[in-house]
Amino acid sequence: MASAEAGAREGMTVEVAYARPDTQLILEVIVPEGATVEDALRASGIDARFPEIDLEAAKVGIFGKLTKRDTVLKPRDRVEIYRPLFADPKEVRKQRAAAGKRMKKGGGDIEEPETSN
């Protein structure tokens with residue numbers, strides 16, 4: 001029982017995660033009970049490791065769900081920092097779908113008829 005009380009005094013462990021195409025980092029951070037997403041971001045110091053992160057503007061989430069910075073964390077939550085997208089995922093899916101429809105039209109590969117000159 002004493003270790004549970006000590007753990008409560010020390011705080012709770014959460015993770016702060018950030019990924020780039022070339023690397024990813026997940027930091028364990030101890031924050032006090034009642035800490036918010038913003039508190040965990042600041043405590044992690046992750047912006048010192050990745051200077052391109054603008055903590056004021058970056059979108060954040062918990063386990064893949066967009067969330068507000070004043071959201072109170074639970075033990076073992078993973079706070080994620082999202083990079084700006086360079087391509088709209090909906091537009092990319094539309095383009096892939098359109099390309100797929102063109103490829104499938106006619107039931108497969110169609111050979112061009114030979115023309116005589």
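This is a short tour of a predicted model, stop by stop, with a selection to make at each one.

Residues are numbered from 1 along each chain as its sequence is written. Because the model is predicted, local features need pLDDT of at least 70 and side-chain atom pairs count only at pLDDT 80 or more, while totals for chains, interfaces and linings use all residues; side-chain values use heavy atoms, with hydrogens and water left out.

**Stop 1: the hairpin**

Select residues 12-19, strand β1, and residues 24-31, strand β2. Strands (E, at least two residues) and helices (H or I, at least four) are DSSP runs, numbered from the N terminus. β1 and β2 run antiparallel and are joined by eight bridges; two strands pair if DSSP finds at least two bridges between them. The two strands form a hairpin with four residues between them. To see one bridge, pick Tyr18 and its partner in β2, Leu25.

Now show the side chains of β2. Which of them are buried? Leu25, Leu27, Val29 and Val31 point to one face and are buried, while Gln24, Ile26, Glu28 and Ile30 point to the other and are not. Buried means under 20% relative accessible area, exposed over 50%, and partly exposed in between (1.4 Å probe, protein chains only). In a regular strand the side chains alternate between the two faces of the sheet.

**Stop 2: the core**

Select Val16, Leu41, Ile46, Leu73 and Ile81, the residues with the most contacts inside the largest nonpolar core, which has 22 residues. A nonpolar core is a set of buried Ala, Val, Leu, Ile, Met, Phe, Trp, Tyr and Cys residues joined through side-chain atoms within 4.5 Å. The elements that give two or more residues to this core are β1, β2, α2, β3 and β5.

Keep Ile46 selected and show its surroundings. Leaving out residues up to four places away in sequence, Ile46 touches Val16, Ala17, Tyr18, Leu25, Leu27, Ile53 and Ile81. Contact means heavy atoms within 4.5 Å.

**Stop 3: salt bridges**

How many salt bridges does a search of the whole structure find? The search finds eight. A salt bridge is a side-chain nitrogen of Lys or Arg within 4 Å of a carboxyl oxygen of Asp or Glu.

Select Arg20 and Glu52, whose side chains meet in a salt bridge (3.2 Å, N to O). Glu52 lies in the loop between α3 (46-49) and β3 (59-62) and Arg20 in the loop between β1 and β2, so this pair ties together parts that are 32 residues apart in sequence. Glu52 is partly exposed at 41%, and Arg20 is partly exposed at 28%.

Next, select helix α2 (residues 37-44). Here Arg42 forms a salt bridge with Glu38, with the closest N and O atoms 2.9 Å apart. The two residues are four apart in the helix, about one helical turn.

**Stop 4: Glu80**

Finish with Glu80 in strand β5 (residues 78-82). Is Glu80 buried or exposed? Its relative accessibility is 10%, so Glu80 counts as buried. The side chain of Glu80 makes a polar contact with the side chain of Tyr82 (2.7 Å). A polar contact is a pair of N or O atoms within 3.5 Å; within protein, one must be able to donate a hydrogen and the other to accept it, and residues adjacent in sequence count only if both atoms are side-chain atoms.

Add Arg78 to the selection: its side chain and that of Glu80 meet in a salt bridge (2.7 Å, N to O). Arg78 is partly exposed, at 25% relative accessibility.
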